[in-house]
Amino acid sequence: MPKRVDHDERRRHIADAVLRLIATRGVEAASVRTVAAEAGVSPGAVQHYFTTKAEMLAFALAQNHARLVQRVLALGAAPDPATPRAGFELLCTLLLPLDEAGRDAARVWAGLISRACVDEETRDLAAEAYTNLTDFVVRQLADALPGHDVGQAARHLVSVVEGLRWPVLFGVYSRQQALDILNAQLDLIF
């Protein structure tokens with residue numbers, strides 16, 4: 001009897017290999033051959049699931065986003081923060097490269113952002129990711145601060161987190177310096 005293959009699981013397995021390569025060697029390293037070697041599958045298997053590099057990168061970006069969502073959901077399963085402000089501090093720290101998972105996610109994001117500068121399809125995905133994050137923060141702030149116009153505050157908070165990501169990743173800002181800057185922004189909002 002032939003072995004049954006879970007095609008969704010195989011695609012995720014290949015996408016995980018793409019993410020590992022991007023996080024350790026950059027987006028240029030994610031060729032069909034290197035992805036196949038990293039995933040332990042044949043190049044033909046990679047091409048069976050992803051007909052173009054853009055399609056493979058788009059799926060990997062979605063997989064990276066799903067990991068972030070899982071981290072956020074895990075945060076929601078933790079005991080409730082004492083205040084809405086404390087909840088936002090926890091959420092924002094998940095977006096910063098303050099642990100290994102955050103550093104991997106930031107390196108992947110950096111690789112995809114650089115590709116987005118020259119590739120329209122990747123640019124559209126990156127723009128959608130920013131829009132989704134901002135919309136999520138708007139909804140959360142609206143719940144925390146009913147009756148306030150929170151759109152501008154959400155855009156500022158997302159911009160501060162994005163602006164902190166790179167100096168933290170490169171070791172320019174310490175964890176504490178990043179948290180101090182983040183907390184100053186949260187103080188303005190709350």
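Q: How many residues of each class, nonpolar, polar and charged, are in the lining of the largest pocket?
A: In this predicted model, the lining of the largest pocket has 27 nonpolar, five polar and nine charged residues. Leucine and valine count as nonpolar, whereas arginine and lysine count as charged.

Q: What makes a residue part of the lining of the largest pocket, and which residues lie nearest its centre?
A: A residue belongs to the lining because it has an atom within 4 Å of a point of the pocket. The largest pocket is lined by 41 residues. Asn64, His65, Leu68, Val69 and Leu95 are the ones that lie nearest its centre. The volume of this pocket is about 920 Å³.

Q: Which elements give two or more residues to the lining of the largest pocket?
A: They are helices H1 (7-25), H4 (53-77), H5 (84-95), H6 (100-116), H7 (120-144) and H8 (151-169). H4 gives the most, with 11 residues.

Q: How many helices and how many strands are in the protein?
A: The protein has nine helices and zero strands. Read from the N terminus, its elements run α-α-α-α-α-α-α-α-α. The C-alpha trace spans about 60 × 40 × 30 Å along its principal axes.

Q: How do you know that the span of H8 fits its number of residues?
A: H8 has 19 residues, and at 1.5 Å a residue they should span 27 Å. The expected span takes one less than the number of residues. The end C-alpha atoms of H8 are 27 Å apart, so the two values agree. Just after H8 comes Gly171, with a positive phi of about 80°.

Q: Why is Cys92 called buried or exposed, and what about Cys117?
A: Cys92 has a relative accessible area of 2%, so it is buried, since the limit for that word is under 20%. Cys117 has 61%, so it is exposed, since that word needs over 50%.

Q: How many disulfides does the structure hold, and what would make a pair of cysteines count as one?
A: The structure holds zero disulfides. A pair would count because its sulfur atoms lie within 2.5 Å. A disulfide is a covalent bond between the sulfur atoms of two cysteines.

Q: Is Thr93 buried or exposed, and how do you know?
A: Thr93 has a relative accessibility of 18%, so it counts as buried; the cut-off is under 20%. This residue is found in helix H5. Leaving out residues up to four places away in sequence, Thr93 touches Leu98, Leu179 and Leu182.

Q: Is Thr134 buried or exposed, and what does it contact?
A: At 16% relative accessibility, Thr134 is buried, because the value is under 20%. Thr134 lies in helix H7. Apart from neighbours within four places in sequence, Thr134 is in contact with Ala154, Arg155 and Val158.

Q: Which residues are buried in helix H2, and what follows the helix?
A: In H2 (residues 32-39), Thr34, Val35, Ala36 and Ala39 are buried. Gly40 follows H2 and has a positive phi, near 75°.

Q: What makes Ala36 count as buried or exposed, and where is it relative to Ala17?
A: Ala36 has a relative accessible area of 2%, so it is buried. Its contacts, neighbours within four places in sequence aside, are Val41, Ser42, Pro43 and Val46. Ala36 and Ala17 are 19 residues apart in sequence, with C-alpha atoms 8.1 Å apart in space.

Q: Why is Val32 in H2 not given the word buried?
A: Val32 has a relative accessible area of 29%, so it is partly exposed; that word covers values between under 20% and over 50%. With residues up to four places away left out, Val32 touches Pro43, Val46 and Gln47. The C-alpha atoms of Val32 and Ala82 are separated by 48 Å, and these residues are 50 residues apart along the chain.

Q: Is Ala178 buried or exposed, and which residues does it contact?
A: Ala178 has a relative accessible area of 0%, so it is buried. It is found in helix H9 (residues 175-189). Beyond its neighbours within four places in sequence, Ala178 is in contact with Leu164 and Val168. Ala178 and Leu112 are 66 residues apart in sequence and 23 Å apart, C-alpha to C-alpha.

Q: What percentage of the protein is made up of buried residues?
A: Buried residues make up 39% of the 190 residues. Among contacts between residues at least 6 apart in sequence, 63% join residues at least 24 apart.

Conventions: Residues numbered from 1 in each chain as written. Predicted model: local features only at pLDDT ≥ 70, side-chain atom pairs only at ≥ 80, totals over all residues. Heavy atoms only, no water. Buried < 20%, exposed > 50% of the residue type's maximum accessible area, 1.4 Å probe, protein only. 1 Å grid on protein atoms, 1.4 Å probe; cavity = no way out; pocket = protein on both sides within 12 Å on 5 of 7 lines; lining within 4 Å. Points joined across faces, edges and corners; volume = space filled by probe spheres on them. Helix = DSSP H or I, 4+ residues; strand = E, 2+ residues; numbered from the N terminus. Contact = heavy atoms within 4.5 Å.
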